[in-house]
Amino acid sequence: GALPTERQEQAMEELRRIPDALRQGQELEAKAKELAQRYADVDRVIAVGNGQNYVTALEIALKFKEAVLLAGEGLETEEAFHGPIASLNPSTLVIAASCPGPSYQKAKDYCVAASMIGSKVLSVSPEPYDLPGVDRLTVPMDGISEVFSNSVLVYPLYMLAYYSALVRGNMPDAFRVGDEAF
């Protein structure tokens, strides 16, 4: 059935806030550049997320594959715990996209585990986890719930992928133009 009118109005108000959140997110460019330098030696990216941010994880893994030319995998956090966690190592970057809500604790637990294993870990959230060994990227998204969070959280991660490509000497918009095989 249709959403009640009150819920429809609330959803529309959240949607109207997204452009402002994206403009505020532009302020994260310097942090994205800094993190790209910090992660210049990783050879693989595992992006995790739950609910709406499972989509964020898939999208960021794709950007790291196509622009940075790194192996990247997007996983639902619970799935990442069962099997793939055994492949983490110090040359793996784990990116956890999360937002306060039902899946927030699960992503936090994965960050703790990945950090203990020795992977580089980045928490991307309006309230990133304050954990030892975990880098934080605080994404402004006032008044935007977990339901719409992926459209805002993905933006600074695009910047991270872009600058990660540049750090490695890749032209992120060229998709290997000039490479004879392509």
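This note goes through a predicted model of one chain, from its overall dimensions to a single buried residue.

1. Overall dimensions. The chain holds 182 residues, and its radius of gyration is 17 Å. A compact globule with that number of residues would come out near 16 Å, so the value agrees with a compact globule. Along the principal axes, the C-alpha trace extends over about 55 × 35 × 30 Å.

2. Burial and contacts. Of the 182 residues, 46% are buried. Among contacts with a separation of 6 or more, 74% join residues that are 24 or more positions apart in the chain.

3. Secondary structure. There are six helices and five strands. Read from the N terminus, the order of elements is α-α-β-α-β-α-β-α-β-β-α. The chain therefore opens with two helices and ends on a helix, with two strands in succession just before that last helix.

4. The sheet. Five strands form an open sheet in the order S2-S1-S3-S4-S5, and the pairing is parallel. S2 (71-76) and S5 are the edge strands, each with a pairing on one side only. From one strand to the next the twist averages 20 degrees.

5. The S1-S2 pair. S1, which covers residues 44-49, runs parallel to S2, and six bridges connect the two strands. Within this pair, Val48 has Leu75 of S2 as its bridge partner.

6. Helices on the sheet. Helix H2 (residues 29-38) packs on the sheet, where it touches S4 (120-125) and S5. The direction of H2 makes about 160 degrees with that of S5. Helix H3 (residues 52-68) lies across S1, S2 and S3 (92-97). Relative to S2, H3 runs at about 175 degrees.

7. Glu146: location and contacts. This residue sits in the loop that links S5 (134-138) to helix H6 (150-167). With neighbours within four places in sequence set aside, the contacts of Glu146 are Asn50, Gln52, Cys99, Pro100, Gly101, Pro102 and Ser103. One of these, Gln52, belongs to the residue range of H3.

8. Glu146: charge. Which side chain of opposite charge is nearest to Glu146, and how far away is it? It is Lys106, at 10 Å. A salt bridge needs a side-chain nitrogen of Lys or Arg within 4 Å of a carboxyl oxygen, so Lys106 does not supply one. Glu146 is thus buried and without a salt bridge. A reader with the structure open may wish to view the loop holding Glu146 together with the residues in contact with it.

Key. Residues numbered from 1 in each chain as written. Predicted model: local features only at pLDDT ≥ 70, side-chain atom pairs only at ≥ 80, totals over all residues. Heavy atoms only, no water. Helix = DSSP H or I, 4+ residues; strand = E, 2+ residues; numbered from the N terminus. Buried < 20%, exposed > 50% of the residue type's maximum accessible area, 1.4 Å probe, protein only. Lys, Arg positive; Asp, Glu negative; His and termini not counted. Contact = heavy atoms within 4.5 Å. Pairing = 2+ DSSP bridges. Axes fitted to C-alpha atoms, helices over the stretch in contact; angles between N-to-C directions. Rg over C-alpha atoms; globule rule 2.2 N^0.38 Å.
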